[in-house]
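Student: I have not looked at this structure before. Could we go through it element by element?

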Amino acid sequence: MEFYCESCETAMCLECTEGEHREHVTVPLRDVLEQHKLVLKNQLDTVRNRLPQLTAAIGLVNEISKQLMERKNEAVTDISKTFDELEKALHQRKTALITEVENICSTKQKVLQAQLTSLLQGKENIESSCSFTEHALSHGSATEILLVQKQMGERVSALARHSFPEHPHENGHLECQVETDGLRRSIQNLGVLITTGAVGHTSVATGEGLRHAVVGQHTTVTVTTKDKDGELVKSGNALLKAEIASADGVCTEAEVVDNKNGTYEVGYSLRSEGEFTFSLLLYEQPVRGSPFRLRAVKPSDVLQSPEDVKRRVKSPSGGGGHVRQKAVRRPSSMYSTTKKKENPIEDELIYRGSLKSLKVCESEKINSRPLKVFSNDGQFKMRFGVRGRSPGQLQRPTGVTVDMNGDIIVADYDNRWISIFSSDGKFKNKIGAGRLMGPKGVAVDKNGHIIAVDNKACCVFIFQSNGKLVTKFGARGTSERHFAEHFLYVANKGVPQVLNRIHHHSAINCVP
């Protein structure tokens, strides 16, 4: 075996080189030995380098297994302690009820025994007097009858007039009522075990707040938990920790809100600009991509950056009522035409009119979050809404209407739900979460139903005012009863309509 066939990658003898390998390239084995030893050594070094990682992973898994056993023992101890205390409380209540029964019975018996004693004494007196008198009358002489007649007559007359306690002074009612049905149901459902299959390396965090923040503004990040197979975890209660640290080690507190559906909202507000490290730890393990490099800038820097320039609408000055504004040219899209378009209300939803009957001005694309309310004559009344992904916050409002009660209903494209605010701007409810994929417009019909057009799902949803889904219709496509990928929602005299734009053609479909 002194030769090596490079084609077959095997060692051979001289006879084989002249046989089945005669047409192959063969070289002396010693010429390629060092090369193959080096390759094998490199492969060995590569696989050996994984040993520390595996050792660390084994230690981590063992530690988690140890923690799990400790939590189990603690849970068993807590369960035993709780039920022992309940058993003790039940025994104490049992003893107290029995003692109370004995006391009530004893009190009633005393009254009855006193009455019984009085009745027995009266009976005995009557029987004795009657017996003595009858005996005297039957066997006494005339002299004896005359001698006892006066005393016995007075005694018998007194006994006849005496009032005896003939009516019961107490009753025999004594029972114990214990309602056990509710208690049994409570006991059957007593205690709940809280756990989740969420792990850090498959869970993800999303949101601009991972990389960028504006000093002094509340910023949120959404964390979606997943299990080891990458499947969504639909329950809450996971232990999620958020840490934001500056280069000099100063930490900023972050608030974690559990949505109870496997997602979590992490909110924070930075007080100074600069570079930060944003760490998201799920059960002390980093979520995918953590730690993140976060940069905070001043609000003035945001306004000056080219991609974030927003038009700012100034309040009317003096008595002229004229609104001056700076405009930014909108980028063209596949739906744009050569005709110049003006959109003086691009960045905010603005209501005109009284709070009871608001006229709604909607824009196709709305980048900022606040909602503004104006009177019919253009006087500013109020503004409300902050940026965020928590209930009551707005991430990308794209449609607005007002119901018969004066509540303000806002379609939020990025939050994928519809927010309902009172006429004074206080958050009341959100509907459509978990169903809507990207609501663009919203309207209310005469029955109070909330009708939402979902741009992403190419579908129209109809909800009751309490959020219960009534029906939905439509699907992606270009045929009848289908909608294209991009469509808007408009309202005309209270009749909701869908404006379906397919390429350069338009079709109006009335909501049934």
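Student: Which residues make up the covered face of S7?
Tutor: The model is a predicted one. Strand S7 has two faces, and Lys 241, Glu 243 and Ala 245 belong to the uncovered one. The covered face consists of Leu 240, Ala 242, Ile 244 and Ser 246.

Student: Over how many bridges do S7 and S11 pair?
Tutor: The two strands run in the antiparallel sense. Ala 245, on the uncovered face of S7, stands opposite Thr 277 in S11. The number of bridges between S7 and S11 is 7.

Student: Which residue of S8 stands opposite Ala 245?
Tutor: S8 covers residues 251-252 and is joined to S7 by 2 bridges, the two strands running antiparallel. The residue of S8 opposite Ala 245 is Cys 251.

Student: Which residue in the turn between S7 and S8 has a positive phi?
Tutor: S7 and S8 form a hairpin, with 4 residues between the strands. The phi in question is about 90°, and the residue is Gly 249.

Student: Which strand supplies the largest share of the largest nonpolar core?
Tutor: This core has 24 residues, and those touching the most other members are Val 266, Tyr 268, Leu 270, Phe 278, Leu 280 and Leu 294. At least two residues each come from S6 (219-226), S7 (240-246), S10 (263-268), S11 (274-282) and S13 (292-297). The largest share is 4 residues, and the strand that supplies it is S11.

Student: How many residues are in the second core?
Tutor: The second core is separate, and its members include Ile 420, Ile 431, Val 444 and Phe 461. Its number of residues is 13.

Student: Which residue of S7's covered face is in contact with Tyr 268?
Tutor: Neighbours of Tyr 268 within four places in sequence are left aside here. Its contacts then include Gly 209, His 212, Val 221, Phe 278 and Leu 294, as well as Ile 244. The covered face of S7 holds Leu 240, Ala 242, Ile 244 and Ser 246, and the residue found in both lists is Ile 244.

Student: Which are the edge strands of the sheet S4-S6-S10-S9?
Tutor: This is an open sheet of 4 strands with antiparallel pairing, and the twist averages 30° from one strand to the next. An edge strand pairs on one side only, and the two that do so are S4 (199-206) and S9 (255-258).

Student: What is the bridge partner of Ala 205 in S6?
Tutor: S4 and S6 pair in the antiparallel sense over 4 bridges. The partner of Ala 205 in S6 is Val 223.

Student: At about what angle does H2 run to S3?
Tutor: S3 (26-28) is an edge strand, as is S2 (10-12), in an open antiparallel sheet with the order S2-S1-S3. In that sheet, S1 (residues 3-5) and S2 pair over 3 bridges, and Phe 3 stands opposite Met 12. Helix H2 (residues 29-48) lies across S1, S2 and S3, and its angle to S3 is about 85°.

Student: What span should H4 have, and how far apart are its end C-alpha atoms?
Tutor: H4 has 20 residues, 142-161, and at 1.5 Å a residue it should span 28 Å. The distance between its end C-alpha atoms agrees with this, at 28 Å.

Student: Where is the kink in H4 centred?
Tutor: The kink is about 45°. The residue at its centre is Gln 149.

Key
Residues numbered from 1 in each chain as written. Predicted model: local features only at pLDDT ≥ 70, side-chain atom pairs only at ≥ 80, totals over all residues. Heavy atoms only, no water. Core = buried A, V, L, I, M, F, W, Y, C linked by side-chain atoms within 4.5 Å. Buried < 20%, exposed > 50% of the residue type's maximum accessible area, 1.4 Å probe, protein only. Contact = heavy atoms within 4.5 Å. Pairing = 2+ DSSP bridges. Axes fitted to C-alpha atoms, helices over the stretch in contact; angles between N-to-C directions. Expected span 1.5 Å × (residues − 1). Bend = angle between axes of the 7 residues up to and from the residue.
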